[in-house]
Structure formats: C-alpha cells, structure tokens
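Welcome to the tour! Open your viewer, get ready to select residues by number, and follow along one stop at a time.

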Amino acid sequence: MSRWEPGGEERLRAAAIELFLEFGYENVTVAQIADRAGLTRRTFSRYFADKRDVLFAGSDRLPQALAEALRAVAPGVAPFPAMLQALVDVGGRLGERVAEHAAQRREIIAGSPELQERGQAKFAAAASALAIALRERGAEPPTAQLFADVGIAIFRRGFEQWTEDGQETDLASCIRDAAGRLAEAAAAVP
C-alpha cells in the first residue's frame, strides 16, 4: 500500500461509498474503506476525521457560503428574493463539486439514523447562518428565521429533485423549481 499515492481522497471516498451501499453504513469500518482503496488507515485519517466525514466533508462550509452569497446580493433586493438568489448561486457552485457521488450519498444517508441526524445538524447550522444574514438585510428576527427555514427546505427539495432526476438539469435550476412550486402552492392557499 502506497502512502502518498495520488488521488487518495477520491479513492477513499469511492471505496467508502461502494462499501456503504454494499454492506450498510453501520457495518463498514475505516480499515475496510482504506483496504478497498488500497491505502492505509493512516492515509484515511489525513483526509477524513471519521467515516461520517467521507459523506459530509466540506459541508461545514455551507453555512458560511450561503451567508456570504446572501450578503453579496444587491442591497436593494428584499430579504426573501435575496435569499433565493443566494440559494441558487450556492447551488450552482455546489452542484459542480458534489455531482459525482450525490445520489449515492443521499441514499446512504437516508438509510442511517445517525447520518440523518448529522444532516439535520448541518442544515440547522445553514439556517442559522442565513437567519443572521437576513437580519443584517433588515428582516425582523422571527421573519428572518422563518425565511431561513423555508430557504433551507427549498434548497433540500431542490437537491433531492436534482439527485432523483439523475442530475439531468443543474442543481441551481432544481432549486429555482422548488421555490416556484412553493410559490404556486402558497398562492393557492386562501
């Protein structure tokens, strides 16, 4: 096993996803992932904190990315449309980075309560960051939190649609579509 073989991170990620799909997340060890990738456990630790991190690596940057994208929207744009623009902007960049394993990752997370809990925590942090940025744009705190929660629901639904459709369209379009469906449904409410 080579210690410094190129492509180690992606090989480990691919091996982990294969094993998680084959045996279930809970039944796979870090040693098995490293072995399947032809690398050492120590190499695994250079790239990932634990086996969950294979699926969530980089997700800690989502809250900041959403907040920064929202802050970058022109000041005259109202809070909710500004948030939608930020979701679409981040979705466009994110889709390009996570496309390769997105559907498999979603399937693995859906099958594990532990991973679902981690996903919920990730999205709660993203909603909190959005709420802060919305308050900076002038939204009252309860409204900012409501918008942020709805925004994360739109983002998640767009992501789900994107993976369900086999990534036929881009993630940003799926987020726009989810927002449009919500607007249509809300307009029908008396």
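## The whole chain

Of the 190 residues in the protein chain, 40% count as buried. Keep in mind that this is a predicted model. Show the chain as a cartoon to see its 10 helices and 0 strands. Followed along the sequence, the pattern reads α-α-α-α-α-α-α-α-α-α. Now turn the view: along the principal axes, the C-alpha atoms fill a box of roughly 60 × 30 × 25 Å. Among the contacts with a separation of 6 or more, 67% are between residues 24 or more positions apart.

## Stop 1: Ala16 in helix H1

Select residues 8–23, which form helix H1, and pick out Ala16 there. Is Ala16 buried or exposed? Its relative accessibility is 0%, so Ala16 counts as buried, the cut-off being under 20%. Next, show Ile33 and Val54: leaving aside neighbours within four places in sequence, these are the residues that Ala16 contacts. Try a distance label between the C-alpha atoms of Ala16 and Val54: 38 residues apart along the chain, they are separated by 7.3 Å.

## Stop 2: Val30 in helix H2

Move on to helix H2, residues 30–37, where you will find Val30. Val30 has a relative accessibility of 15%, and because this is under 20% it counts as buried. Which residues does Val30 touch, leaving aside those within four places in sequence? Select Arg41, Phe44 and Lys51 to see them. You can also label Val30 and Arg42: they are 12 residues apart along the chain, and their C-alpha atoms are separated by 9.9 Å.

## Stop 3: Ser112, between two helices

Select Ser112, in the loop between helix H7 (102–110) and helix H8 (113–136). Its relative accessibility is 0%, so Ser112 counts as buried. Not counting residues up to four places away in sequence, Ser112 touches Tyr25 and Glu26. Show the side chains of Ser112 and Glu26 as sticks, and you will find a polar contact between them at 2.7 Å.

## Stop 4: how helices pack

Now for pairs of helices. Two packed helices are described by the angle between their axes and the distance between those axes.

**H7 and H8.** Keep the helices on either side of that loop in view. Their axes come within 7 Å and cross at roughly 115°, so H7 and H8 are roughly perpendicular to each other. To see where they meet, select Arg105, Ile108, Ile109 and Ala110 in H7, then Leu115, Gln116 and Lys122 in H8. Colour this contact by class and you get 4 nonpolar, 1 polar and 2 charged residues.

**H8 and H9.** Slide along to the next pair. What is the angle at which the axes of H8 and H9 cross? It is roughly 135°, and the axes come within 8 Å. That angle makes H8 oblique to H9. The crossing of H8 and H9 is right-handed. On the H8 side, the residues in contact include Phe123, Ala127, Leu130 and Leu134, and on the H9 side they include Ala144, Phe147, Ala148 and Ile152. By class, the contact of H8 with H9 has 12 nonpolar, 2 polar and 3 charged residues.

**H9 and H10.** Select residues 141–164 for H9 and 171–187 for H10; these helices pack at an angle of about 125°, with axes 8 Å apart. H9 and H10 are therefore oblique to each other, and their crossing is right-handed. Residues to show here include Val150, Ile154, Phe159 and Trp162 of H9, together with Leu171, Ile175, Ala178 and Leu182 of H10. This contact of H9 with H10 divides into 11 nonpolar, 2 polar and 2 charged residues.

## Last stop: Glu160

Stay on helix H9 and select Glu160. Where does Glu160 fall between buried and exposed? With a relative accessibility of 26%, Glu160 counts as partly exposed, because that value lies between the cut-offs of 20% and 50%. Finally, draw a line from Glu160 to Gly24: the two are 136 residues apart in sequence and 21 Å apart in space, C-alpha to C-alpha.

How values were computed: Residues numbered from 1 in each chain as written. Predicted model: local features only at pLDDT ≥ 70, side-chain atom pairs only at ≥ 80, totals over all residues. Heavy atoms only, no water. Helix = DSSP H or I, 4+ residues; strand = E, 2+ residues; numbered from the N terminus. Buried < 20%, exposed > 50% of the residue type's maximum accessible area, 1.4 Å probe, protein only. Polar contact = N/O pair within 3.5 Å; in protein donor to acceptor, adjacent residues only side chain to side chain. Contact = heavy atoms within 4.5 Å. Axes fitted to C-alpha atoms, helices over the stretch in contact; angles between N-to-C directions. Parallel < 35°, antiparallel > 145°, perpendicular 65-115°, else oblique. Left-handed = near helix turned anticlockwise from the far one by under 90°. Nonpolar A, V, L, I, M, F, W, Y, C, P; charged D, E, K, R; others polar.
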